[in-house]
Amino acid sequence: MTDGQAAVAGVALLLLTGCGSQSQGTTSGASTGPYPAMRPDIGKIVDQGGMVLTSPKIVTVTWTADTNEAALEDFGDKLGASAYWKQVAGEYGVGAATSGSANHVRVSTPPPATIEVMDLETWFAQQVQNPATSGWPAWDPQTSYVVYVPTATHLTSGGVDTCSLHASLHSEVTVGADAVTYVFIDENCHGSLSVLDGATSAASHEIIEDVTNPHPYTGKAYIGFDSAHLAWSLMDGEQDDEVGDTCESLADAIFTGPADLPYALQRMWSNVSGAAGHSPCVPQSSEPYFSATPLGQETLDVLVGVAQTPATALGYRVPVGSSKTFDVAYYSDAPTGLWYLTAAEGNGIEPATPSHVRLSVAHGAGANGKQDAVTVAVDSAPASGNAILVTLVSSAQGHTTHYSPVLIGAY
């Protein structure tokens with residue numbers, strides 16, 4: 001960080017925390033109402049037409065050897081009636097979920113030392129297919145089975161530890177004539193969290209995705225951003241984003257729920273909140289949300305990725321060897337003062353290698369209602385396709401960083 005950038009960051013911190021000696025009203029570039037000053041140009045996760053679970057039933061499956069068994073059952077019982085559930089799932093047409101002791105499955109056999117995901121899926125299908133012998137609650141189209149794989153079991157996929165791949169997942173398997181959905185939670189994949197916190201935060205992610213997109217292969221529901229906002233898909237590194245995927249990498253993605261659900265949870269994508277100029281990942285934290293949005297985007301016809309898939313999306317066309325300057329607007333949903341704005345190639349979190357563009361921001365700081373200008377110079381085309389992702393990064397020391405992606409068409 002340069003001396004000038006450090007000064008800007010320091011001013012942003014003072015103003016955001018309310019500790020500055022200079023009032024916002026007299027600060028150059030200070031925040032002005034209304035809040036937010038404008039509605040951002042932001043992606044929306046699309047309803048692909050498949051069913052969602054309108055009255056879900058959560059079945060919690062644990063091994064009796066799991067020391068977290070009772071807590072995981074309690075989590076499943078409280079989740080569907082919580083304020084959190086209503087906020088993160090309600091806008092997608094999902095109603096309150098039920099559970100309770102009749103929907104607790106306790107597997108008394110010793111957990112396997114190692115098992116492949118495909119073998120676990122086969123075992124799961126057998127239990128569902130024979131409820132009279134397995135003792136599992138009978139399946140119906142509103143059932144969400146949640147299987148917690150204990151730490152005593154090493155879960156693999158193709159021989160690779162699942163923690164280095166997808167960690168936990170939700171999917172579907174054919175059982176007779178039915179496509180039965182499931183959630184697998186690998187309790188070994190908890191990172192720096194406790195085993196229980198890792199399990200419940202992952203479960204909140206996967207269960208919400210399971211009820212908003214229960215059939216990701218046979219009848220997609222809420223999955224993937226609208227085609228115009230391809231940049232939001234590229235920022236997440238995949239084009240089949242579900243409501244948990246886009247929020248999972250944020251620094252404040254995991255939080256502890258309130259009294260009605262006092263477990264580690266993950267924030268989820270909200271089309272409504274994002275479009276209104278608030279954080280698109282809800283529940284929003286107590287601090288104001290601040291970001292920047294591109295203005296005057298063009299319609300691009302680009303080729304994306306190794307497959308060079310044709311796509312039409314919003315962004316800016318900047319042929320190789322040329323540069324372009326585009327305007328951006330700062331917005332926040334409450335008074336903040338200044339914050340620092342940079343532009344980065346890639347998703348703004350991990351550095352892009354190799355680099356294809358050079359970027360600069362005219363002022364590098366602003367607040368709600370102010371504008372800035374970003375210049376992008378394209379030095380080379382990507383190895384595959386001609387779409388380059390650039391991300392606007394809004395930050396202030398001691399506060400959560402926010403990201404807004406922009407697509408560059410290098411052709």
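Start by selecting Phe 124: with a relative accessibility of 0%, this residue counts as buried. Keep in mind as you look around that this is a predicted model.

**Stop 1: around Phe 124**

Colour helix H4, residues 117–129, and you will see that Phe 124 belongs to it. Now show the side chains that touch it from elsewhere in the sequence. Setting aside neighbours within four places in sequence, Phe 124 is in contact with Trp 136, Tyr 145, Val 147, Val 173, Val 180, Thr 181, Tyr 182 and Phe 184. For a sense of scale, draw a distance from Phe 124 to Asp 372: their C-alpha atoms are 54 Å apart, and 248 residues separate the two in sequence.

**Stop 2: the whole chain**

Zoom out and switch to a cartoon. The protein chain has eight helices and 24 strands. Its radius of gyration is 23 Å, close to the 22 Å that the globule rule gives for 411 residues, so the chain is as compact as a globular protein of that length. Along the principal axes, the C-alpha atoms fill a box of roughly 70 × 50 × 35 Å.

Of the 411 residues, 52% count as buried. If you turn on a contact view, consider the pairs at least 6 apart in sequence: 71% of those contacts join residues at least 24 apart. A surface view shows about 16600 Å² exposed, with carbon and sulfur atoms supplying 53% of it.

**Stop 3: the largest pocket**

Next, select His 166, Ser 168, His 205, Glu 206 and Glu 248. Of the 32 residues lining the largest pocket, these are the closest to its centre. The space in this pocket comes to about 870 Å³.

Add strand E8 (169–175) and helix H6 (195–212) to the view, since each supplies at least two lining residues. H6 provides the largest share, six residues. Coloured by type, the lining of the largest pocket divides into 11 nonpolar, 12 polar and nine charged residues.

**Stop 4: the second largest pocket**

Finish with Met 235, Thr 246, Ser 249, Leu 250 and Ile 349, which lie nearest the centre of the second largest pocket among its 32 lining residues. Helix H7 (230–236) and strand E24 (402–409) are the elements that give two or more residues to this lining. H7 gives the most, with four residues. About 580 Å³ of space lies in the second largest pocket. Apply the colouring by type again, and the lining here splits into 14 nonpolar, 11 polar and seven charged residues.

Key. Residues numbered from 1 in each chain as written. Predicted model: local features only at pLDDT ≥ 70, side-chain atom pairs only at ≥ 80, totals over all residues. Heavy atoms only, no water. 1 Å grid on protein atoms, 1.4 Å probe; cavity = no way out; pocket = protein on both sides within 12 Å on 5 of 7 lines; lining within 4 Å. Points joined across faces, edges and corners; volume = space filled by probe spheres on them. Nonpolar A, V, L, I, M, F, W, Y, C, P; charged D, E, K, R; others polar. Buried < 20%, exposed > 50% of the residue type's maximum accessible area, 1.4 Å probe, protein only. Contact = heavy atoms within 4.5 Å. Rg over C-alpha atoms; globule rule 2.2 N^0.38 Å. Areas by Shrake-Rupley, 256 points an atom, 1.4 Å probe, with all protein chains shown as cover.
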